[in-house]
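Welcome, and thanks for opening this one in your viewer. Keep the selection tool handy, and we will go from stop to stop together.

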Amino acid sequence: MKTDLFIELNGRKTDCGSFVDTVKEIWKSEGNLVKDIETVQLYYKPEEQTCYYVINNNISGSFHA
């Protein structure tokens, strides 16, 4: 099953489906392997246009979405 998730706020549409891919790319760019990701938690704040993430319950960061 393919699922798409979009958030619309104040006339701006955000495709949240790409957030996991972005986190994976950030993880890889830091020299890590995707297979080492056990969990990913995402928190999107549309008013800031920012996605915050936590990988494996202890690595956190954010990116403009």
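Select Tyr 44 to begin. In this predicted model, Tyr 44 counts as buried because its relative accessibility is 18%, and the cut-off for buried is under 20%.

**Stop one: rings around Phe 19**

Now add Phe 19 to your selection. Phe 19 is buried too, at 5% relative accessibility. What kind of aromatic pair do Phe 19 and Tyr 44 form? The pair is tilted, with 5.2 Å from centre to centre and 50 degrees between the planes. The two partners come from distant parts of the chain: Phe 19 belongs to helix H1, Tyr 44 to strand E3 (residues 40-45), and 25 residues separate them.

Next, bring in Phe 63. Its ring centre is 5.7 Å from that of Phe 19 and the planes stand at 80 degrees, so this pair is edge-to-face. Here again distant parts of the chain are linked, since Phe 63 is in strand E5 (residues 59-64), 44 residues away from Phe 19 in helix H1. Is Phe 63 buried or exposed? Phe 63 is buried, with a relative accessible area of 11%.

The count of aromatic pairs comes to three. Add Tyr 53 to the selection and you have the whole cluster: ring pairs link Phe 19, Tyr 44, Tyr 53 and Phe 63. If you draw a distance between the C-alpha atoms of Phe 19 and Tyr 53, you should read 9.2 Å, for residues 34 apart along the chain.

Before leaving Phe 19, show what surrounds it. Not counting residues up to four places away in sequence, Phe 19 touches Thr 14, Leu 42, Tyr 44, Cys 51, Phe 63 and Ala 65.

**Stop two: the nonpolar core**

Widen the selection to Cys 16, Phe 19, Val 23, Ile 26, Trp 27, Ile 37, Tyr 44, Cys 51, Tyr 53, Ile 55, Phe 63 and Ala 65. These twelve residues make up the largest nonpolar core. Which elements give two or more residues to this core? They are helix H1 (19-29) and strand E4 (50-55). Helix H1 provides the largest share, with four residues. As background, nonpolar side chains in soluble globular proteins tend to be buried together.

Click on Ile 37, one of the core residues. Leaving aside neighbours within four places in sequence, its contacts are Lys 24, Trp 27, Ile 55 and Asn 56.

**Stop three: Thr 50**

Move on to Thr 50, which sits in strand E4. Thr 50 counts as buried because its relative accessibility is 12%. Where does a polar atom of its side chain find the backbone oxygen of Glu 48? The two atoms are 2.9 Å apart. Apart from neighbours within four places in sequence, Thr 50 is in contact with Tyr 43, Tyr 44, Lys 45, Ser 62, Phe 63, His 64 and Ala 65. You will recognise Tyr 44 and Phe 63 from the ring cluster.

**Stop four: two loops and a charge over a ring**

Select Asn 10, in the loop between strand E1 (6-9) and strand E2 (12-15). Its phi is near 55 degrees, a positive value in a residue other than glycine. Most residues other than glycine have a negative phi. Asn 10 is exposed, with a relative accessible area of 77%.

Now jump to Asn 57, which lies in the loop between E4 and E5. Here too phi is positive, near 65 degrees. Asn 57 is exposed, with a relative accessible area of 56%.

Then show Lys 13 and Phe 6. The charged end of Lys 13 sits over the ring of Phe 6, 4.4 Å from the ring centre.

**Last stop: the whole chain**

Clear the selection and switch to a cartoon view. How many helices and strands does the protein chain have? Its secondary structure comes to one helix and five strands, and along the sequence they follow the pattern β-β-α-β-β-β. Taken along the principal axes, the C-alpha atoms fill a box of roughly 35 × 30 × 20 Å. Of the 65 residues, 23% count as buried. Turn on the surface to finish: the accessible surface comes to about 4800 Å², and 48% of it belongs to carbon and sulfur atoms.

Notes. Residues numbered from 1 in each chain as written. Predicted model: local features only at pLDDT ≥ 70, side-chain atom pairs only at ≥ 80, totals over all residues. Heavy atoms only, no water. Core = buried A, V, L, I, M, F, W, Y, C linked by side-chain atoms within 4.5 Å. Buried < 20%, exposed > 50% of the residue type's maximum accessible area, 1.4 Å probe, protein only. Contact = heavy atoms within 4.5 Å. Polar contact = N/O pair within 3.5 Å; in protein donor to acceptor, adjacent residues only side chain to side chain. Phe/Tyr/Trp six-rings, centres within 6.5 Å; stacked < 30°, edge-to-face > 60°. Lys NZ or Arg CZ within 6 Å of the ring centre and 35° of its normal. Areas by Shrake-Rupley, 256 points an atom, 1.4 Å probe, with all protein chains shown as cover.
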